[in-house]
2 protein chains.
Amino acid sequence: MTKILIAYPMEEKFRRIVEEILPKDIIIYYEDMDKKSLEDVEIVLVRSWRIARDIIHKLPKLKYIQYLFAGVDRIKTEEIPKGVVLLSNSGANARGVAEHALSLLLTAAKKITWRDREMRIGNFPQTSESLLLTNKIAVILGTGNIGREIAKMLRCLSVKVIGVNKSGRNPDNLFHEIYTIDKLKKVLAIADFCIIALPLTPEMENLIDEEKLSVMKKNAILVNVGRGKIINERALYNHLRKNKSFIAALDVWWKYPKQGEKFQQNCDFASLDNVIMSPHCAGVYENYEIDLLKHALENIKLILEGKTPKNVVRY
Amino acid sequence: MTKILIAYPMEEKFRRIVEEILPKDIIIYYEDMDKKSLEDVEIVLVRSWRIARDIIHKLPKLKYIQYLFAGVDRIKTEEIPKGVVLLSNSGANARGVAEHALSLLLTAAKKITWRDREMRIGNFPQTSESLLLTNKIAVILGTGNIGREIAKMLRCLSVKVIGVNKSGRNPDNLFHEIYTIDKLKKVLAIADFCIIALPLTPEMENLIDEEKLSVMKKNAILVNVGRGKIINERALYNHLRKNKSFIAALDVWWKYPKQGEKFQQNCDFASLDNVIMSPHCAGVYENYEIDLLKHALENIKLILEGKTPKNVVRY
């Protein structure tokens, strides 16, 4: 029987979910590791790579690492033993992330954070700067689970959605138009909104740079729920300072505060009115941990049933 | 020929729209009033009631007053000569108002204004308090143009929409459920979100009072794009102070600042984190004046064609 190790401490309420989806007698919990033989563990469910990196080398029969999160850019794949398959949890919280992206976009379109700030100091900025979404053009970078959910929502709000990806394929014909990433500059020039929903790979670093920003509309909105480094930090900061009508709504950042540290970037975004700041919480909604766990367990179940698991990152 | 008076100063670009929709030779502009006979004016287009109230008494043949805005609560109907029909401009900017309501709701659901404020002072509130919209229940008060647009959008986002109105009729079967207003307390008890899209009439004043608020979920969201006085100000303030998870996102207010005045309410909403403040700008988006004017002119055109105009407020 294929043994599965849960490589992080797990509360009772989550254990109950595990045992609903998988047979109880093949699970080894983190807390029981010392008491059980790890020799025949073939699948490991991982939450923190810091904890997991040591454990995986104690598992001689390990075949699969199932990660609890979608973005695997924090996992050092060179530390994974040869022949072990890494599975991401892509799609688990895509709906929540997409809702957050939509929320950032709408907050920006109607200037809610700025208006709220002004009213708290007694001003009443009843100006007609709100953008109407109807008939606008949104460019969505990335047509994975998140990009597709965003596209569905925006179509419903009468926004034209243009997808940009590597393959040029249009999944489920969901996008009104689709372009390969080498055409990015061309499509950015006509975008009212640009939403980044890409994972971070080395080639995507600094994809949105000074040149790309320069072709965008003066009152465009840039939303990032992918990874901070896909945008060049300095280029965006300079662009925002020069173009007060351009808005960046960012959930992901270049630097993250360690425990006890204050949040700070290299550029002083907090001083700008045309930035909307959110603390990498797009996927962190009520009960999101249940969504993540269930989705990961369903993938493990595929392996147990002899089927091919989803979200293979590396063989 | 039916003469039409435009009872407010009008810029050239708007005059061009007037002359596209209506025959040029039947229009008298505000600026030309002294030079032309007002004796046979039958229709007047009104923007500011302050300006219009004197003018209408100089028009002996007046039959119709077409107002440029949807909400007629600021017009003193007792000042209108007997037999003159008042037409509102209901529906003209309904889509924009509905988009603003959705924006306020999403900003509240994902706690964007609060998170943004916190990050600007160096905090990083990556907490899981964001609500997922999917499968939530929204109660929409008012099933007119705005309420229906909101319902369409929320349905698309997988929110269940319950409409509340006087008649209990379900327009276009757009709402999953519909209730009459005497059932309001019952439906508020199950609402995750409540959106007010009602006009202000005397019977609707203080509709949302302490009793109604007390039955709502502790972490519900209340959005108001109708009129401030539909909510009891003190009751809402006290409720927000006691229930930190409850959020009110308000575009409409109890007191409006006059020219040069600071914005201030009787209660200090600006000191609360669980309020989102927007300056009565739901209908004030890019080029909204064009939408308003075109919609009003199309209604006047119906009269000229001998048809029944829409939005009759008072005979």
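User: What is the sign of phi at A:Ser158, the residue that follows helix 5 of chain A?

Analyst: The phi of A:Ser158 is positive, near 65 degrees. This is a predicted model, in which local features need pLDDT of at least 70, side-chain atom pairs count only at pLDDT 80 or more, and totals for chains, interfaces and linings use all residues. Residues are numbered from 1 along each chain as its sequence is written, chains are lettered from A and ligands numbered from 1 in the order in which they are written, and side-chain values use heavy atoms, with hydrogens and water left out.

User: How do you know that the span of helix 5 of chain A agrees with its number of residues?

Analyst: A helix is a DSSP run of H or I with at least four residues, while a strand is a run of E with at least two, both numbered from the N terminus. The expected span is 1.5 Å times one less than the number of residues. For the 12 residues of helix 5 of chain A this gives 16 Å, and the end C-alpha atoms are 17 Å apart, so the two agree.

User: Which residues of helix 5 of chain A are called buried, and what do they pack against?

Analyst: Buried means under 20% relative accessible area, exposed means over 50%, and partly exposed lies in between (1.4 Å probe, protein chains only). In helix 5 of chain A, the buried residues are A:Gly147, A:Glu149, A:Ile150, A:Ala151, A:Met153 and A:Leu154. Their packing partners in chain A are helix 3, strand 6 (137-141), strand 7 (160-165) and strand 9 (193-196).

User: Why is the pairing of B:Asp192 and B:Lys217 called a salt bridge?

Analyst: A salt bridge requires a side-chain nitrogen of Lys or Arg within 4 Å of a carboxyl oxygen of Asp or Glu. The N to O distance between B:Asp192 and B:Lys217 is 2.8 Å, so the pair meets that rule. The partners lie 25 residues apart, B:Asp192 in the loop between helix 6 (184-188) and strand 9 (193-196) of chain B, and B:Lys217 in the loop between helix 7 (210-215) and strand 10 (221-224) of chain B.

User: What makes B:Asp192 buried and B:Lys217 partly exposed?

Analyst: B:Asp192 has a relative accessible area of 11% and therefore counts as buried. B:Lys217 has 32%, which makes this residue partly exposed.

User: How are B:Glu305 and B:Lys307 classed, buried or partly exposed?

Analyst: B:Glu305 is partly exposed at 45% relative accessibility, and B:Lys307 is partly exposed at 48%. Their side chains form a salt bridge with an N to O distance of 3.2 Å. One network of salt bridges that share partners joins A:Asp116, A:Arg120, B:Arg117 and B:Asp273.

User: What makes B:Asp116 and A:Arg117 a salt bridge?

Analyst: Their N to O distance is 3.2 Å. The pair crosses between chains, from helix 4 (residues 112-120) of chain B to helix 4 of chain A. Both B:Asp116 and A:Arg117 are buried.

User: How many salt bridges are counted between chain A and chain B?

Analyst: There are 6 salt bridges between chain A and chain B. One salt bridge joins B:Glu99 to A:Lys110 at 2.8 Å, N to O. The elements giving two or more residues to the side of chain A that touches chain B are helix 3 (94-109), helix 4 (112-120), helix 5 (145-156) and strand 12 (275-277) of chain A. Helix 3 of chain A gives the largest share, 9 residues.

Terms used
Contact = heavy atoms within 4.5 Å.
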